[in-house]
Amino acid sequence: MEEFGFALRLAREKRGLTQKQVMAMTGINNKTLSGYENGVAEPDLQTLSALLKLYGLSANRLFGQQEGTREELSAQEEQLLKLFRAMSGREREELLAALRAVLHCREKQG
């Protein structure tokens, strides 16, 4: 249980959040959150789900299990993916074609 608590604390810190901020965002009592992070208590599934969503993690990643070969995305990559997903199918194809053209030109130059 201590490893689980440590993983929760690391996930929170990686997002740059304090326990007080997490409490304000989720409604979890500060003492309760501290208990989770210190391995004294474990959250129920609903609370764990809220924390995973806030921390941008899957349960597999929190528990240290690999999710294929997918690596963490940078903030720019996350923004790009979000914008890409907001596009229509045709816009996506046009963007991909433009990116392929840029890479093709770069390969020719160097």
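At what angle do helix H3 and helix H4 pack, and how far apart are their axes? In this predicted model, helix H3 (residues 30-37) packs against helix H4 (residues 45-55) at an angle of about 85°, and the axes of the two helices lie 13 Å apart. H3 is therefore roughly perpendicular to H4. On the H3 side, the contact is formed by Leu33, Tyr36 and Glu37, and on the H4 side by Thr47, Leu51 and Tyr55. Classified by residue type, the contact of H3 with H4 comprises four nonpolar residues, one polar residue and one charged residue.

The burial pattern of H4 was examined next. In H4, the buried residues are Thr47, Leu48, Leu51, Leu52 and Tyr55. Viewed down the axis of H4, these buried residues fall within an arc of 135°, so they line one face of the helix. Exposed residues, namely Leu45, Gln46 and Lys53, are found on the other side of H4. Thr47, Leu51 and Tyr55 are thus listed both among the buried residues of H4 and among the residues in contact with H3. An α-helix has 3.6 residues a turn, so residues three or four places apart point the same way.

Charged side chains were then considered. Side chains of opposite charge can pair when their charged atoms come close. The count of salt bridges in the model comes to three. One of them involves glutamate 37, a residue of H3 that also takes part in the contact with H4. Glutamate 37 forms this salt bridge with arginine 12, and the closest N and O atoms are 2.6 Å apart. The pair links distant parts of the chain, since glutamate 37 belongs to helix H3 and arginine 12 to helix H1, with their positions 25 residues apart in sequence. Glutamate 37 has a relative accessibility of 6% and therefore counts as buried. Arginine 12 is likewise buried, because its relative accessible area is 8%, which lies under the 20% cut-off.

The surroundings of arginine 12 extend beyond its salt-bridge partner. With residues up to four places away in sequence left out, arginine 12 touches Leu17, Thr18, Gln19, Val22, Glu37 and Tyr55. Tyr55 also belongs to the H4 side of the contact between H3 and H4. Arginine 12, itself located in helix H1, thus touches both Glu37 and Tyr55.

A second salt bridge joins the side chains of glutamate 13 and arginine 9, with an N to O distance of 3.0 Å. Both residues lie in helix H1 (residues 2-14), four residues apart, or about one turn of the helix. Glutamate 13 counts as partly exposed because its relative accessibility is 38%. Arginine 9 also counts as partly exposed, at 28% relative accessibility.

The remaining salt bridge pairs arginine 90 with glutamate 94, whose closest N and O atoms are 3.1 Å apart. These two residues both lie in helix H7 (residues 89-109) and, being four residues apart, are separated by about one turn of the helix. Arginine 90 is exposed, with a relative accessible area of 65%, whereas glutamate 94 is partly exposed, at 45% relative accessibility.

Two further residues were examined individually. Methionine 25 is placed in helix H2 (residues 19-26). With a relative accessible area of 51%, methionine 25 is exposed, the cut-off for this class being over 50%. Methionine 25 nevertheless touches Leu17 and Leu54, again not counting residues up to four places away in sequence. Leu17 is also among the residues touched by arginine 12. Methionine 25 and alanine 50 are 25 residues apart in sequence, and their C-alpha atoms are 9.6 Å apart in space.

Lysine 108 is a residue of helix H7. At a relative accessible area of 67%, lysine 108 is exposed. Between lysine 108 and leucine 95, the separation is 13 residues in sequence and 20 Å in space, C-alpha to C-alpha.

Methods: Residues are numbered from 1 along each chain as its sequence is written. This is a predicted model: local features need pLDDT of at least 70, side-chain atom pairs count only at pLDDT 80 or more; totals for chains, interfaces and linings use all residues. Side-chain values use heavy atoms; hydrogens and water are left out. Axes are lines fitted to C-alpha atoms, for helices over the stretch in contact, and angles run from 0 to 180 degrees between N-to-C directions. Angles under 35 degrees count as roughly parallel, over 145 as roughly antiparallel, 65 to 115 as roughly perpendicular and the rest as oblique. Contact means heavy atoms within 4.5 Å. Ala, Val, Leu, Ile, Met, Phe, Trp, Tyr, Cys and Pro count as nonpolar, Asp, Glu, Lys and Arg as charged, and the others, Gly among them, as polar. A salt bridge is a side-chain nitrogen of Lys or Arg within 4 Å of a carboxyl oxygen of Asp or Glu. Buried means under 20% relative accessible area, exposed over 50%, partly exposed in between (1.4 Å probe, protein chains only). The arc is that of the directions from the helix axis to the C-beta atoms.
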